[in-house]
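Dear colleague,

Please find below the structure that I am handing over to you. A summary of what was found in it comes after.

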Amino acid sequence: MFTAVHRHVGRLSGDQPNIKDNDLKSILTNVYDVFIEYGVINHVLTSQDSLNAMKFFCKHMVNNHMQKKILRAQIIDHEMFTLIRNTILSIVEKNNQLTEQDWDPFHAMAVLLTSALSPVQFDDGRVNRLVIETFCSDAFFNAVKQCMENLSSTTEQTNPTKYRILSYVFRHIYAHSKTYRSRIRILFLDLAVRCVTSKHYVDQFEKNEEASKDFFLLDCPSFVLPNSIDRHSEIAKTLCPSLLQDYRTILAYRIQRKSTDSHKNVYLTFYLKLLNFCTAIESTRDMFVQYIPSIITQIFTVLKDYLVLESDKAITGIKDEQLVITILTLIYNLLPNSAINVAIKENAPMSVLVLLSGKEQLQMTNGNFERKKYVIPKAIQIEAQNLLPLLMEDVEQLERPEEITRASVTCLAKAVKSESHMCSGMHASSVLMNMNTIVQNDQVKEQIVEQGALRLLSDCVCDPSIAIEEIRQPALGVIWTVSFNPRAACIWKTDQALIAQLFEIDRTNVNQPQSVANNILWQLVNEERFVATQSSIQRMLVLPNGRMQNSDDALWVNINTPGGEIVVFRENLTQEQKEMLKAEREQTASLPTNNIQLYEYDLMISYCHRNKDLCTVIYNCLSKMGKYRIWFDQEQMYGSTMDRMAEGIEKSHLFLVCMSSAYKNSNSCHKECEYADKRQHKVLFLKVEPNYTPNGWLGFYLGQQYYVDVTKPDFLTRFKDLIKQISMQRNETPDYSMLDKIVTADVQTAIANALQKKSEGKLGNSDTNLRHSVSTSTLSSVSSRSSLNFNDLAKTKIDDVSNNSKTTMRENMTSEKLAKYYPARYSYSNINDDQDSLNDIVVSISTPSMLSLSNEGDIVGLNDQVGGFKLDLLSAMMPQMNRDSIRVSDLSLNTERSSVNQDQSVKDWTRNDVLEFLQRINLMHVSVLSQDQAINGQRLLDFCESNLSPSLTIISTADYERLKYELHKLLSP
């Protein structure tokens, strides 16, 4: 048989370049007749001799480049191919009876049929008939299905030929067929998942049989990952427990495939890809928590093992680029879980990640660093650059926000338009949750607006092709955070489709706590309506003895000044101030009595849920005083949470802010502080987290105000200080008679335990679900300092520069600008697949040393020391736009300009120039400058450049630092 086949096929060697169809058909017919004569039973080759002869025939056809010619119309229907098709099916149907002798004939016949087609031709009905009729028939599907069912069982014995056949079918045929993809997915997805979750999967990492390793560790994951789009959550929940159970064994695997000499570890890479697949779902991402920190440390160990490092100071090579990219992506996708986030930050090799984010590396040569030509691959750079900003302890320290924002926006745009909602292994939901971390930075919020990403975020909520639940929920969180930017809020107000969608989401979530849609609606629409209902109401406080707070016998009196409200001891009132108070009383007396309401609460406690234990102890102590009605919400509020919050602030005499990093990162807490500030409410500050320095928006609202630090030793002293502060605001003498009975040893222990307890929760959702507004019926409070004149502690109100319409140019939001910042459609086509614009991003992780809090008493310094720590006055002085005064039609882009000649040197300014400058920055009340008839630019510079700080009787520290800051902006190039 073999000789006869060889004789006929030998004709191809000389004639193959220009062989005619009739000649090729004649050869096929002759070979077919040989098989019929010697080895065919039911039109199937069965004997080993006939199979070997078929192998020879097929290889000779391929070697002589005949595979393309078999697609010709006169050849494709030849009965020789029916014989091949039937023989292939009969081999696969052997299942457990397959032998090593079956592989070579199967492989030769399969290669002849499949190599005739390019991948794009697999769905071309004119030429793909041979492949489809052979490998996509019902009989062949059933045969493959039976093989996989046996493999996924616990009793399957090793059969290398079966593994090789299945690997070939899935890798070279089913991976290319789009026409049959749906049916292939239905038939084999669950079976592939069963193979991955079976004991055989983990066992492969300790076996030496490459055929079985390839099928279980490469082909099954390769099939599962792209075919699970419609069932992502279901499949992830099935895979994750099994994958995590044996992570120690798998992550320790370092054996390479025998068939390659490279350092690549594709088996481990695909295991990590499966883990990555699971991290896109919140419930399966949370499963990783029980394995931290061990799994995190092992992952980072694997990362360093596949880098060529020189003492963590230089990378001179990468052994497996794909594995490194997969690890970086996996870490990125795990960060939204706060517990895992902490473990990652504690174990991350930051120096290595910084090296991976750069281009060129340094190599040690003879003790000196010299430039190394090795360049980090761009894909790895991008992954590291996306990851590094999320590992910073303080997002306010973020450098180069424009590039960081562009990287995140680009990744999100690619992910939402992908069928799998993935971009380089990062799911759109993970991108959004991590984006919600970096948009806490105000500069990133501004860049979201500048880069036109507001429309992209809206699409994630409104576009039916994008807004699946896994994407919509984190997108709402990002929109809420970004809406604290005045421009973003005003632009979104113009989108009626977005507003309508938010109302619909809020309506369907009416019984769920803390609806993010409701919070956004409050920011965009409902707050203005609510404030309108409160504007005509004047509230007054009645003390326990029935005395009105504003009665003439009050010890302390509130006085409004151009620089803000101050509190003055009654005996120190000037005649002018007494007349001012009299005029205010007469004006109040003339108001209709139905517009005057009494405060229902003496104090509202605003805190983040992560600090609940400590804040609850403080609330209980205040309640035991027996004289305070306190708003303290201990349960998550249902319905319109923002309405409840605003009502609590409006009905409470004092607003107590419990400052912590979690509070600062909470949108709900931010909104409460913002609302209280807009409504000019009395605010008291309490620090409830050790070693926390208020910054960002919280640092701005704190300004130079005094705060009580309950994290310091001796809670009794701190609580006494709190009572003192409250009493001063209530114009009454502090009562300390019950403190020893209230602040017991048990209370001191509870405070200590609460301070030591690690906070828990979801990082990305802390501000939507984990804040609590505090309101109860027992007054609470703050205290004063007997050693300081209260006039020196008054809050200096810094008005927004843009509010002064006389001196500030306002750039109106024209239709052209609205089209720029909020186009009708987001331009996904402009997203560069290569992300060239991201190539030069260099993320610097700055780790400034934090100034420790002073341990010497509680008295605040009067210069630049606030509560024992040095305040970053420049950040505190940044103006805050008055959102109540902004309309969409006259939206300001906050471009501050003065009519003062910008080319004119400050030292050449005239008195009028100086006065105009002071008016623009709202410092006309500084009489030492505004009333100086000889003031000019040079005198102003001399005043600011003096090495000695001026006396507080001349200018407050806040005003002095504001003046220097504004001059610095003018003088800086």
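The notes below cover the chain as a whole and then its largest cavity.

The model is predicted: local features need pLDDT of at least 70, side-chain atom pairs count only at pLDDT 80 or more, and totals for chains, interfaces and linings use all residues. Residues are numbered from 1 along each chain as its sequence is written, and side-chain values use heavy atoms, with hydrogens and water left out.

The chain has 973 residues, of which 55% are buried (under 20% relative accessible area, 1.4 Å probe, protein chains only). Its secondary structure consists of 45 helices and 20 strands (DSSP runs of H or I, at least four residues, and of E, at least two, numbered from the N terminus). Among contacts (heavy atoms within 4.5 Å) with a separation of 6 or more, 76% join residues 24 or more positions apart.

There are 5 cavities of 30 Å³ or more in the structure. A cavity is a set of points on a 1 Å grid over the protein atoms alone where a 1.4 Å probe fits but cannot get out; lining residues have an atom within 4 Å of a point. The largest holds about 100 Å³, a volume being the space filled by probe spheres set on the points, which are joined across faces, edges and corners.

Helices H21 (378–387), H22 (401–417) and H23 (428–438) each supply at least two residues of its lining, and H22 gives the most, with 4. Tyr332, Gln385 and Cys411 are among the lining residues.

Kind regards

Terms used. Buried means under 20% relative accessible area, exposed over 50%, partly exposed in between (1.4 Å probe, protein chains only). On a 1 Å grid over the protein atoms alone, a cavity is a set of points where a 1.4 Å probe fits but cannot get out, and a pocket is an open set with protein on both sides within 12 Å along at least five of seven lines; lining residues have an atom within 4 Å of a point.
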